[in-house]
Amino acid sequence: MSTAAAKFDEGRLMQVLVAPIVSEKATMVADKSNAVTFKVLQDASKPEIKAAVELMFKVEVKGVSVVNTKGKTKRFGKSIGRRDNVRKAYVTLKPGQELNLSGEAA
């Protein structure tokens, strides 16, 4: 286990990554700069995200960039609703590292 993962509680690290983001932009970023995109908890820190990815996927992480997206106000018929705020993490992997999210061997 890496030293980064040792600093954090393992149960917390398992919850930090909410879901992988599969979109056109995320796929382009993955192809261009060997980065994977995740939806993460609102209060997750960069070292925490790095440790979580290294723990769960057994890969080496080069860097983490984070984007906070504000939720939009939308109308659902008569009522007004609000989308959740989203925190996205772009996790760049070291050269030669690969992360397979699909679950099957390509």
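Begin by selecting residues 73-76, strand E4, together with residues 79-82, strand E5: the two pair in the antiparallel sense over four bridges. Strands (E, at least two residues) and helices (H or I, at least four) are DSSP runs numbered from the N terminus, and two strands count as paired if DSSP finds at least two bridges between them. Within this pair, Lys74 has Gly81 in E5 as its bridge partner. E4 and E5 make a hairpin with two residues between them, and Gly77 in the turn has a positive phi of about 65°.

The model is a predicted one, in which local features need pLDDT of at least 70 and side-chain atom pairs count only at pLDDT 80 or more, while totals for chains, interfaces and linings use all residues. Residues are numbered from 1 along each chain as its sequence is written, and side-chain values use heavy atoms, with hydrogens and water left out.

**The whole chain**

Now show the full chain as a cartoon. Four helices and six strands make up its secondary structure. Read from the N terminus, the elements run α-α-β-α-β-α-β-β-β-β. The chain has 106 residues, of which 28% count as buried; buried means under 20% relative accessible area, exposed over 50%, and partly exposed in between, with a 1.4 Å probe and protein chains only. A surface display would cover about 7300 Å² of exposed area, 52% of it supplied by carbon and sulfur atoms. Areas come from the Shrake-Rupley method with a 1.4 Å probe; for residues, only the protein chains shown count as cover.

**The sheet**

Select E1, E2, E6 and E3, which in that order form an open sheet with antiparallel pairing. At the edges are strand E1 (17-20) and E3, each pairing on one side only. From one strand to the next the twist averages 30°. Zoom in on E2 and E6, which pair in the antiparallel sense over six bridges. One place to look is Thr37, whose bridge partner in E6 is Tyr90.

Add H3 to the selection: this helix packs on the sheet, touching E2 and E6, and its direction makes about 140° with that of E2. Such angles run from 0 to 180 degrees between N-to-C directions, and the axes are lines fitted to C-alpha atoms, for helices over the stretch in contact. H3 covers residues 24-33 and is hardly covered itself, with one buried residue among its 10. Next add H4, which lies across E1, E2, E3 and E6 and runs at about 125° to E3.

**The core**

Which residues have the most contacts inside the largest nonpolar core? They are Leu17, Phe38, Val40, Ile49, Val53, Val91 and Leu93, in a core of 19 residues. Helix H2 (10-16), strand E2 (35-40), H4, strand E3 (61-69) and E6 each give two or more residues to this core. H4 gives the largest share, five residues. A nonpolar core here is a set of buried Ala, Val, Leu, Ile, Met, Phe, Trp, Tyr and Cys residues joined through side-chain atoms within 4.5 Å.

Stay in the core and pick Val91, found in strand E6. Val91 is buried, with a relative accessible area of 0%. Beyond its neighbours within four places in sequence, Val91 is in contact (heavy atoms within 4.5 Å) with residues including Asn34, Phe38, Ile49, Val53 and Gly63. Val66 is 25 residues away from Val91 in sequence, and their C-alpha atoms are 8.6 Å apart.

Move to Glu48 in helix H4 (residues 46-57). Is Glu48 buried or exposed? Glu48 is buried, at 8% relative accessible area. Leaving out residues up to four places away in sequence, Glu48 touches Phe8, Arg12, Leu13, Val16 and Asp43.

**Loops and the last stop**

Select Asn34, in the loop between H3 and E2. Asn34 is not a glycine, yet its phi is positive, about 55°. Its relative accessibility of 27% makes Asn34 partly exposed. Lys58, in the loop between H4 and E3, also is a residue other than glycine with a positive phi, near 55°. Lys58 counts as exposed, at 68% relative accessibility. Most residues other than glycine have a negative phi.

Finish at Lys94, in the segment after strand E6 (86-93). Lys94 is partly exposed, at 34% relative accessibility. Residues up to four places away aside, Lys94 touches Asn34, Glu60, Val61 and Lys62. Ser33 lies 61 residues from Lys94 in sequence but 9.9 Å from it in space, C-alpha to C-alpha.
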